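Student: I would like to learn how to read pockets, ligand surroundings and aromatic pairs in a model. Could you take me through them one at a time?

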Amino acid sequence: MPAQTLTDRLFDDADKGALDPFALFEEWFALAGESEPNDPHAMALATVDNTGMPDVRMVLLNQRDRRGFCWFTNFESAKGVQLLASRKAAVVFHWKSIRRQIRMRGPVEIVSDSEADAYFATRSRGSQIGAHASRQSRPLASRAELTERAESLDRSLGADPVTRPAHWSGFRLLPVAMEFWKDGAFRLHDRVQFTRDTPDGAWTRRRLNP
Ligand SMILES: Cc1cc2nc3c(=O)[nH]c(=O)nc-3n(C[C@H](O)[C@H](O)[C@H](O)COP(=O)(O)O)c2cc1C
């Protein structure tokens, strides 16, 4: 008999044992990585602006650990400004190849400078220069203007290493809710939600109607 997966346990209503949603995330993420044509780490990031109007866009999950889930971006972008003001976000992964989604929400924190520096250093030189050249989310007169800015930066840096721009760093979502959704026949999908009052609290789980 094949070994029981965490997912088997998740959807077994008789199983009342503790389950770790971070470990479940790893199980689903690994599965998605085997079958998604590209970017299994792409997730939709939802924010609100200062009028309460929602906003959403894709970002890449770049780091994760027991604290939470990180993405990197321009802090002067629309999302950067919104997150710095609200300090809250929601994300959703949808992996079409396995017909599953994971959503989570909670407060966000800014990653440490050393974490941001370390991640920036792993990026290609072109992407590092791009982070300097792009005034993300602000109007741009032409593609040529952006290309010229990047080329001029590249020339002025010569062989020097590219340091992380002050406006470029990462956010970490500290989930207080995580929901695991798996496609079922006749739209009778499986949904299990984990919630906790604070990012260091204990998780409670319950099955939800689809
Ligand atoms: C698959 C995918 C991954 C993306 N990853 C990122 C990312 O990690 N960071 C980022 O700033 N923008 C990323 N983008 C671009 C954003 O979706 C968005 O266009 C940009 O960040 C500006 O968003 P804003 O104006 O809401 O701030 C990605 C786009 C796609 C389609």
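Tutor: We go through the pocket, then the ligand, then the aromatic rings. This is a predicted model, in which local features need pLDDT of at least 70 and side-chain atom pairs count only at pLDDT 80 or more, while totals for chains, interfaces and linings use all residues. Residues are numbered from 1 along each chain as its sequence is written, and side-chain values use heavy atoms, with hydrogens and water left out.

Student: What volume does the largest pocket have, and which residues lie nearest its centre?

Tutor: Rolling a probe the size of a water molecule over the atoms shows where empty space is left. On a 1 Å grid over the protein atoms alone, a pocket is an open set of points where a 1.4 Å probe fits, with protein on both sides within 12 Å along at least five of seven lines, and lining residues have an atom within 4 Å of a point. Here the largest pocket has a volume of about 260 Å³, taken as the space filled by probe spheres set on the points, which are joined across faces, edges and corners. Its lining has 17 residues, with F72, T73, R123, Q136 and W168 nearest the centre.

Student: Which element gives the most to that lining?

Tutor: Strand 4 does, with 4 residues; strand 2 (54-60) and helix 5 (125-133) also each supply at least two. Helices (H or I, at least four residues) and strands (E, at least two) are DSSP runs, numbered from the N terminus.

Student: Which residues come nearest the ligand, and which polar contacts does the ligand make?

Tutor: A residue is near a molecule if one of its heavy atoms lies within 4 Å of it, and of the 13 residues around the ligand, R57, M58, T73, K79 and S137 come nearest. A polar contact is a pair of N or O atoms within 3.5 Å. An oxygen atom of the ligand is 2.6 Å from a polar backbone atom of M58, and an oxygen atom of the ligand is likewise 2.6 Å from an N or O atom in the side chain of T73. For A78, a polar backbone atom is 3.3 Å from a ligand oxygen.

Student: Which strand gives the largest share of the shell around the ligand?

Tutor: Strand 2 gives the largest share, 4 residues.

Student: How is an aromatic pair described?

Tutor: By the distance of the centres and the angle of the planes. Rings of Phe, Tyr and Trp (its six-membered ring) pair if their centres lie within 6.5 Å, and planes under 30 degrees apart count as stacked, over 60 as edge-to-face and the rest as tilted. The whole structure has 18 aromatic pairs, among them F75 and F171, which are stacked at 4.2 Å centre to centre with 5 degrees between the planes. This pair links distant parts of the chain, 96 residues apart, with F75 in the loop between strand 4 and helix 3 and F171 in strand 7.

Key. A polar contact is a pair of N or O atoms within 3.5 Å; within protein, one must be able to donate a hydrogen and the other to accept it, and residues adjacent in sequence count only if both atoms are side-chain atoms.
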